[in-house]
Amino acid sequence: MPEGDTVYQAAKRLHGALAGKVLTRSDLRVPRYATADLTGRTVLDVTPRGKHLLTRIEGGLTLHSHLKMDGAWKIYAAGQRWSGGPAHQIRAILGTVDRTAVGYRLPVLELLRTADEQRAVGHLGPDLLGPDWDPATALENLLRDPARPLGEALLDQRNLAGIGNVFKSELCFLLQVTPWLPVGDLPAEQSARLPALAKRLLEANRERPARNTTGRRESNLFVYGRAPRPCLRCGTPVRVADQGDGSRERPTYWCPACQWGPAPAPVPAPGRANHRSTRPRTTN
């Protein structure tokens, strides 16, 4: 799942393959840009901004892409077989004499003037892996709406850029609070730790092929993806539920024993009362 660390890695791979080289092939398979031709132009750099990728091209142009849930940029050597998915999933092709970058399943792809990049990424908060990182501003943004659940506030890229479902769940576990705890109820000690902890997690993973938040070889993550296996800290079965308004899939994992605060009530087992309550309850 692309988050700030994996987008950083994607930018690094794209930059290494394309930067400083002239494009010999250009194919943007989006109706709006079907006639755009970037061949003959030099790629200047590829920069990550939160979960966004900015490929800057000679002539004052930027190709802006966002991976969302399952988008990907793949790099292939000359003559190498492309294997990122079927041809109908390809949204962009940028080729040089020795490398080809292929964008698969890109939900966001737009060609804009480099001078207008702020139109695409200007709404973002401080980037956890960027030169604009400002922990005080990030915390101020998070606390602006004290009634908002912490997990939702962390996912809002306007507050701070780079956190997705995985790091949201892992951060809340490390802070020992549920993702449904109102931000304003977060104890001062945890609030003070949050920006530095978030940055440390993403920085530790920006060069790793496999994401790890535990420091253990046998278990990479504390809670994400572990339901209903036992919590690594206390042995209680880890739980999972969607968080948000339901408009998109937001799987959220937590330990009901180690993390305090509101959480959705458990779904009754088959054969019991056919009633599903999603009203938050307090867990200790």
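This report covers helix H5 and a four-stranded sheet in a predicted model.

## Helix H5

Helix H5 spans residues 165–175 and is mostly covered, with eleven of its eleven residues buried. The buried set includes residues with charged or polar names in the sequence, among them Asn165, Lys168, Ser169 and Glu170. Val166, Phe167, Leu171, Cys172, Phe173, Leu174 and Leu175 are also buried.

Three helices and a strand pack against these buried residues: helix H1 (4–18), helix H4 (150–155), helix H6 (188–205) and strand E10 (251–254). Just after H5, Gln176 has a positive phi of about 65°.

## The four-stranded sheet

Four strands form an open sheet in the order E2-E3-E4-E8, and their pairing is antiparallel. Strand E2 (43–49) and strand E8 (108–113) are at the edges; each has a single partner strand, so one side of each has no neighbour in the sheet. On average, neighbouring strands of this sheet are turned by 20° against each other, direction ignored.

Within the sheet, strand E3 (residues 52–57) pairs with strand E4 (residues 61–66) over six bridges, in the antiparallel sense. Leu54 has His64 in E4 as its bridge partner. In general, strands of a sheet pair through backbone hydrogen bonds.

## Helix H1 and its two settings

Helix H1 links the two topics of this report. H1 lies across E2 and E3, and runs at about 175° to E2. Helix H1 (4–18) is also one of the elements against which the buried residues of H5 pack.

How values were computed:
Residues are numbered from 1 along each chain as its sequence is written. This is a predicted model: local features need pLDDT of at least 70, side-chain atom pairs count only at pLDDT 80 or more; totals for chains, interfaces and linings use all residues. Side-chain values use heavy atoms; hydrogens and water are left out. Buried means under 20% relative accessible area, exposed over 50%, partly exposed in between (1.4 Å probe, protein chains only). Contact means heavy atoms within 4.5 Å. Two strands pair if DSSP finds at least two bridges between them. Axes are lines fitted to C-alpha atoms, for helices over the stretch in contact, and angles run from 0 to 180 degrees between N-to-C directions.
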